[in-house]
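User: I've got a structure open and would like to talk through a few of its details. Can we take it one question at a time?

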Amino acid sequence: MMIVIADDITGAAEIAGIAFSYGLTTQLVTDFNGTAASADVMVVATDTRSLSREDAVEVTERLCSLLPVGTQVFKKTDSALRGHIMAELSVLLEKTACQKALFMPANPSRRRVIQDGVYLIDGIPLDETDFSFDPEFPAFSSVMTERFPEAASCSVEMPDATSFDDVLRLVERAGEDTLLAGAADLFEAWLRHKGLCRLPAAPYSLSPDNLLMVCGSTQSVVPDLGVQVIEMPKTVYEGTGDATAWAQQVLAAYVRHSSLILSIPHHHLTGKAVAVRLRGVMAAVVGLLVAVRCPHSLLLEGGATAHACLQALGWNRFVVEAELAPGAIALKSMGQTTVVLKPGSYPWGPLFDSD
């Protein structure tokens, strides 16, 4: 069995979708207890990106103590360098049999590359993109050694990669004592190195009927589905307005309409406290709505927001139904609701019925 440790739930879902597309039975959990799953791949979403560095280390240490002997481990990290990456890698290197780590956050298939030690998205240095405004982990540098000065002393290699073939070659040269850590392209290269191939995708689409969508990322672009969109008021966003009153307004709209999209159109505040408050508001609203009517489809954009919403609902174990688009994964939990998770910086893709 392979275990993938991911620091946010949309990244976990992205990896789970890739494993599923390669014909592997895959489960995604947020409450790993050390019990071996009846699946080829178990993806564990720890949500450590939303925690303090100290708490992220503690969670990672506890998870390592639960890993079954002989488990193959892959560490999923953010493709925009967010999170407590080096702290978690240090724990994994200390607690597993691995002597060093290959850290490859680049996704060349999505035009996210490392060239001459600089991280680029569509040819633009990371700190010149919208990721420089991330509320918790703003990109202050695109130079890998400036972003992670402790990498060398931690036995973490951060090579260049400008194509998927580059990533595949890095995997092929890595020894058995190397922990693989990085983004989706690295995981897919690892599967190919094991001799696996992608299977043809079965037709799958969603209907915009009886749908609840939450766009909770600063990177969100609200899709035009002909569905009522409710925006978080600026006063609620800034913490000066009554979030409970807004939640009741949303509930009234949800009762009137068969589908609803919630979004946060404001992006001028930064800081962990702001991010925690905003996802708490969204999670409380989602819990209120689902208690009144459980939608056929619950679409959650943005890892921290998605994790908070699912925690509020008490949903923590999922099986993969389909990889709808890169990073957009359909999951099934208890009941009949399809849960779709997607990172905020990825497009939704052609997920919905065209008729």
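**A threonine, two positive phi values and a cavity**

Analyst: Sure. T46 touches I5, A6, D7, V59 and L63, leaving aside residues up to four places away in sequence. Keep in mind that this is a predicted model.

User: Where does T46 lie, in terms of the elements around it?

Analyst: Look at the two elements that flank T46: β3 covers 41-45 and α2 covers 53-66. T46 sits between them, in the β3–α2 loop.

User: Is T46 buried or exposed?

Analyst: The cut-off for buried is under 20% relative accessible area. T46 has 15% relative accessibility, so T46 counts as buried.

User: Which residue's side chain makes a polar contact with the side chain of T46, and at what distance?

Analyst: The partner is T48. The polar contact between these two side chains has a distance of 3.1 Å.

User: What is the phi of D47, and where does D47 lie?

Analyst: D47 lies in the loop between β3 and α2. D47 is not a glycine, yet its phi is positive. The value is about 60 degrees.

User: Is D47 buried or exposed?

Analyst: Relative accessibility is 11% for D47, and buried means under 20%. D47 therefore counts as buried.

User: What about N210: which loop holds N210, and what is its phi?

Analyst: N210 is in the loop that runs between α6 (184-193) and β11 (211-215). N210 is another residue other than glycine with a positive phi. That phi is near 55 degrees.

User: Why does N210 count as buried?

Analyst: Buried means under 20% relative accessible area. N210 meets that because its relative accessibility is 15%.

User: Switching to cavities: how many of 30 Å³ or more are there, and how much space lies in the largest cavity?

Analyst: Searching the whole structure turns up one cavity of 30 Å³ or more. As for the space in the largest cavity, the figure is about 600 Å³.

User: Which residues of the lining are closest to the centre of the largest cavity?

Analyst: The lining has 40 residues. Closest to the centre are R82, D134, G216, S217 and A304.

User: Which element gives the most to the lining of the largest cavity?

Analyst: The elements giving two or more residues are α1 (9-21), α9 (272-292) and α10 (303-313). The one that gives the most, with four residues, is α9.

User: How many residues of the lining are nonpolar, polar and charged?

Analyst: Sorted by class, the lining of the largest cavity has 13 nonpolar residues. The other two classes are 16 polar and 11 charged.

Notes:
Residues numbered from 1 in each chain as written. Predicted model: local features only at pLDDT ≥ 70, side-chain atom pairs only at ≥ 80, totals over all residues. Heavy atoms only, no water. Buried < 20%, exposed > 50% of the residue type's maximum accessible area, 1.4 Å probe, protein only. Polar contact = N/O pair within 3.5 Å; in protein donor to acceptor, adjacent residues only side chain to side chain. Contact = heavy atoms within 4.5 Å. 1 Å grid on protein atoms, 1.4 Å probe; cavity = no way out; pocket = protein on both sides within 12 Å on 5 of 7 lines; lining within 4 Å. Points joined across faces, edges and corners; volume = space filled by probe spheres on them. Nonpolar A, V, L, I, M, F, W, Y, C, P; charged D, E, K, R; others polar.
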